[in-house]
Every structure is written in structure tokens, then in C-alpha cells.
Amino acid sequence: MSDSKNAGTAARLAGQADDAVDLEAEFKASNIQEVLDKLDRELIGLKPIKTRIREIAALLLVDRLRKRFELTSETPTLHMCFTGNPGTGKTTVAMRMGEILKRLGYVREGHLVTVTRDDLVGQYIGHTAPKTKEVIKKAMGGVLFIDEAYYLYKPENERDYGAESIEILLQVMENNRDDLVVILAGYKDKMDKFFLSNPGMRSRIAHHLDFPDYSADELMAIARLMLASQNYRFSPEGEKAFAEYIPLRMKLGHFANARSIRNALDRARLRQANRLFAGKSRKLTRLDLITLEPEDILVSRVFKEGQPDSEVG
Amino acid sequence: MMTNHGNRITQGQFSFLPDLTDQEITLQIKYALKNGWAVNVEYTDDPHPRNTYWEMFGNPMFDLKDPAGILMEVNNCRKTFPNHYIRVTAFDSTRGWETPRMSFIVNRPKNEPGYRLVRQERDGRSMGYTIEPYATDKPEGERYS
């Protein structure tokens with residue numbers, strides 16, 4: 001009798017092995033390639049980040065297939081921590097994350113709720129818990145993005161309510177894994193200090209992603225992308241001038257990667273408008289209105305005095 | 001009452017049906033959120049049909065996208081008041097409506113004793129009739145325990 005039982009089990013296993021699923025077809029059906037392509041197109045550089053997103057996508061896809069064979073496994077935790085210097089695209093990637101995870105079927109709504117310490121931590125006893133819970137409830141079904149997360153914990157003040165907020169977050173991150181994804185973001189050194197004093201937080205976050213600084217070439221590509229989205233473009237000489245500008249600016253203090261580039265472009269647009277206004281005797285064409293010339297860039301103080309224009313960061 | 005077997009009170013939506021499961025509650029909340037209504041959790045231990053204003057559990061919940069957060073509050077409320085009536089209401093703030101559009105009971109006491117008929121003799125041998133819940137004989141908080 002036990003023989004026939006064993007034979008039955010073997011037959012069932014063999015049967016399962018036989019009706020193989022088509023990974024390729026599943027991949028195509030999920031539109032993941034489209035999302036990844038869009039990511040490649042619109043975000044310059046960020047190799048390690050893109051690799052990790054690809055890995056997460058693969059994991060979720062395989063998980064879905066496993067479910068079909070009733071090979072149950074726990075839902076993977078997707079809480080993340082983004083560290084990196086200013087202007088390396090942490091917020092931008094977080095915004096995309098919601099959409100990506102929704103496409104992959106990990107979150108239901110895919111909206112992003114961006115908060116900082118002010119939104120989570122209350123001002124008096126008993127204020128913090130409802131405040132944090134309200135934010136968490138709003139983020140359910142989507143992504144909760146906590147910017148400058150290290151401000152949550154202030155070790156120098158032991159009466160600070162931040163710890164209470166962290167406590168509630170930890171609880172939700174553990175118990176409501178299916179309902180929301182928490183992404184913490186901040187500068188590397190401060191986040192390291194934050195995790196040192198909150199080891200529970202560190203262990204509950206599966207993905208620690210470090211955003212690298214951009215190279216000069218990547219910054220140039222970003223500048224082109226930014227201008228294109230605002231319906232501007234460089235003249236060939238203008239582009240050359242800006243290519244000279246970038247390495248000079250990178251050497252100076254308070255360099256904030258893509259954010260500095262955006263500021264530089266904003267100032268170039270200001271100067272272009274001024275230039276067009278000064279030469280108003282002549283008729284302007286459409287081309288004049290969209291082109292940034294070298295003189296819009298070369299007036300920058302970066303070239304003359306070797307210090308950034310009046311800007312912070 | 002022969003028409004309401006077991007004295008289950010019937011207020012709001014779905015109250016003639018068996019109790020909703022969490023999954024069914026989630027679907028109803030999803031419908032409310034889809035319409036942009038603000039969903040609240042309320043509780044009471046006074047089952048009188050004219051008791052319109054129940055206590056709100058926690059803060060009102062605006063701008064939610066997903067029913068999971070509300071279901072979490074429903075379960076919190078059930079834990080705090082296992083023997084109270086708990087209902088979920090969806091408020092529509094659109095001009096012209098400005099009123100609850102949905103309201104359904106999600107939790108009820110294990111034992112619902114129902115209502116007694118109260119007669120009042122008035123002038124000229126006329127009678128006034130009203131109902132009174134048996135539960136409200138006891139002070140608030142001690143009913144249904």
C-alpha cells in the first residue's frame with residue numbers, strides 16, 4: 001500500500017515538473033522591460049541602482065511563477081535605504097520606485113508619500129503616535145519616502161519624540177509588509193550614524209543602495225536631458241562652453257551634482273533672456289528663443305574668479 | 001420580534017445580511033475611496049435607531065488611497081471595543097451632498113437583547129408608544145459586557 005502511495009507522489013512530482021512555465025512569456029506579459037527601458041532612458045548613470053532594480057524585478061517575477069506551483073515563500077521585504085551625496089537622484093528614483101513596484105504587482109496603488117521629520121514627529125506627549133499612524137495609513141498601498149531620515153533620531157535629546165515614531169515605523173515595516181514599502185533617504189555618513197543607534201531599523205531594511213556621484217560626461221548628458229524637457233538646447237559652441245564649465249564647477253565647494261547643473265542651467269536661461277532683451281532691435285526667430293549660446297555660460301563667476309555663482313548647494 | 005430573528009439590529013447597509021468578512025469590508029471601503037469619500041470608523045453601545053451620532057474612533061482619515069489603513073483601524077477598534085457596535089461610514093464632501101453616503105456595521109455585541117415597548121398614558125386615555133433598548137438600562141460602557 002505504501003508502495004502505491006509513493007508511486008502516486010512520484011507521478012505527481014513528475015507531472016509538476018512537466019508542465020513547465022514560460023519565463024519569457026511571463027516577462028513580456030508584465031511590461032517590465034518597458035519600465036526598465038524607461039528607467040535607462042530617463043536616468044543617466046546610476047549603474048548599481050539600475051542593477052538592483054533589475055534584480056528586484058527578477059525576484060518578483062520568479063516569485064510569481066513559484067506561486068503558480070504553490071511553492072509558497074514569504075513576501076520579500078522591499079524596504080530600502082538610499083544614501084548618497086546631494087543631487088544624485090535619490091528622490092527621483094524613489095518617485096519611480098512606486099510605479100515600478102506597481103507594475104511588478106508588489107504594491108497595489110503605487111503612489112508616493114514624501115515626508116520628513118516634521119510630518120512624523122509630534123510636538124507634545126501623545127501627539128507623535130497618531131501623527132505617524134496617519135502618515136502610514138496614507139502611504140498604504142504605495143511607497144512611504146522619508147527624506148533626511150536621520151533627523152528622526154536625535155541622540156543628544158533623550159526626551160525627543162523621534163524614537164516613538166521610529167518604534168511605530170518598525171512595527172509597521174514588520175507587520176504590514178504587504179501594504180507598504182518604506183524608503184529612507186539621506187546622506188551616507190549621517191545615515192550610518194542613524195543606523196548605528198537604531199540597529200533594528202538597519203536589519204529590517206533589505207536593500208541599502210548607495211548612489212554614486214556623477215562623472216562629468218554623465219552630468220553633460222543630464223544637462224542635455226534637462227534642457228530638452230524644457231524645450232531649450234545648446235548651440236554647438238554653447239555645448240562646448242558648458243562642457244568646460246562642468247569640471248570647473250565640480251572642483252568648487254558645495255557641488256550638488258545634478259542639482260548644481262540644474263541651477264547653472266537656470267542661470268544660463270536667465271542670461272539668455274537678458275541677452276535677447278538687450279538686442280531687441282532685431283526680430284527673434286524660434287531658434288533664438290530655444291538656443292543657449294556660449295556667452296550665456298561663459299559669464300559665470302566659475303570661469304572668472306573660480307567660485308560658484310551666488311548659490312548654496 | 002418575529003421579523004428580526006435574534007434581535008440583530010438593522011441599521012445602515014448590509015445589516016440584513018450575515019456579518020461581512022474582512023475581505024468584503026475591504027471591497028466596500030475600496031469603492032468608497034474610489035469615489036473620493038472620507039471613511040471613518042465609529043462606535044457606540046447605544047443601539048437606539050435615533051442615536052445618529054456615534055463616537056469616532058481615532059482621527060478622521062482623509063486622503064487615503066488604499067483600504068488597508070482603514071481595515072487596520074477597524075481591527076484596532078474591534079480590539080478596543082469587542083462588545084460595542086462599530087460601523088464604517090463614508091462621508092461625501094461634494095457640494096450638494098455633504099453627507100454620509102455609506103454606513104455599515106462591521107462589529108456587533110455577541111448578545112443583542114433587543115428593545116422593549118414602552119407605553120405612556122396621556123390625557124384623555126390616549127396612549128403614546130415608544131421603544132427602549134434593554135441594553136441602555138445599564139450605564140454607558142457596562143452594557144453588553
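**Overall architecture and nonpolar cores**

Among contacts in chain A between residues at least 6 apart in sequence, 78% link residues that are at least 24 apart. This picture comes from a predicted model, and it is worth walking through chain A from its outline inwards. Its secondary structure amounts to 16 helices and seven strands. Along the principal axes, the C-alpha atoms of chain A occupy a box of roughly 100 × 55 × 30 Å. The radius of gyration of chain A is 25 Å, whereas a value near 20 Å would be expected for a compact globule of 313 residues. Of the 313 residues in chain A, 32% are buried.

Turning to the interior, nonpolar side chains tend to be buried together in soluble globular proteins. Here, the largest nonpolar core holds 68 residues. Those with the most contacts inside this core are Leu101(A), Val143(A), Leu144(A), Val182(A) and Ile183(A), together with Val74(B) from chain B. Val143(A) offers a helpful close-up: beyond its neighbours within four places in sequence, it is in contact with Ala94(A), Met97(A), Gly98(A), Leu101(A), Val107(A), Leu112(A), Val181(A) and Ile183(A). Leu101(A) and Ile183(A) thus appear both among these partners and among the residues with the most contacts inside the core. A second, separate core comprises 18 residues, including Phe234(A), Tyr245(A), Ala268(A) and Val302(A).

Finally, the two chains meet through contacts between nine residues of chain B and twelve residues of chain A. On the side of chain B that touches chain A, the residues split into three nonpolar, three polar and three charged.

Definitions and conventions:
Residues are numbered from 1 along each chain as its sequence is written. Chains are lettered from A and ligands numbered from 1 in the order in which they are written. This is a predicted model: local features need pLDDT of at least 70, side-chain atom pairs count only at pLDDT 80 or more; totals for chains, interfaces and linings use all residues. Helices (H or I, at least four residues) and strands (E, at least two) are DSSP runs, numbered from the N terminus. The radius of gyration is taken over C-alpha atoms; the globule rule is 2.2 Å times the number of residues to the power 0.38. A residue is buried if 20 or more other C-beta atoms lie within 10 Å of its own, exposed if 12 or fewer, and partly exposed in between; C-beta atoms are placed from the backbone. Two residues are in contact if their C-beta atoms, placed from the backbone, lie within 7 Å. Ala, Val, Leu, Ile, Met, Phe, Trp, Tyr, Cys and Pro count as nonpolar, Asp, Glu, Lys and Arg as charged, and the others, Gly among them, as polar. A nonpolar core is a set of buried Ala, Val, Leu, Ile, Met, Phe, Trp, Tyr and Cys residues joined through C-beta atoms within 7 Å.
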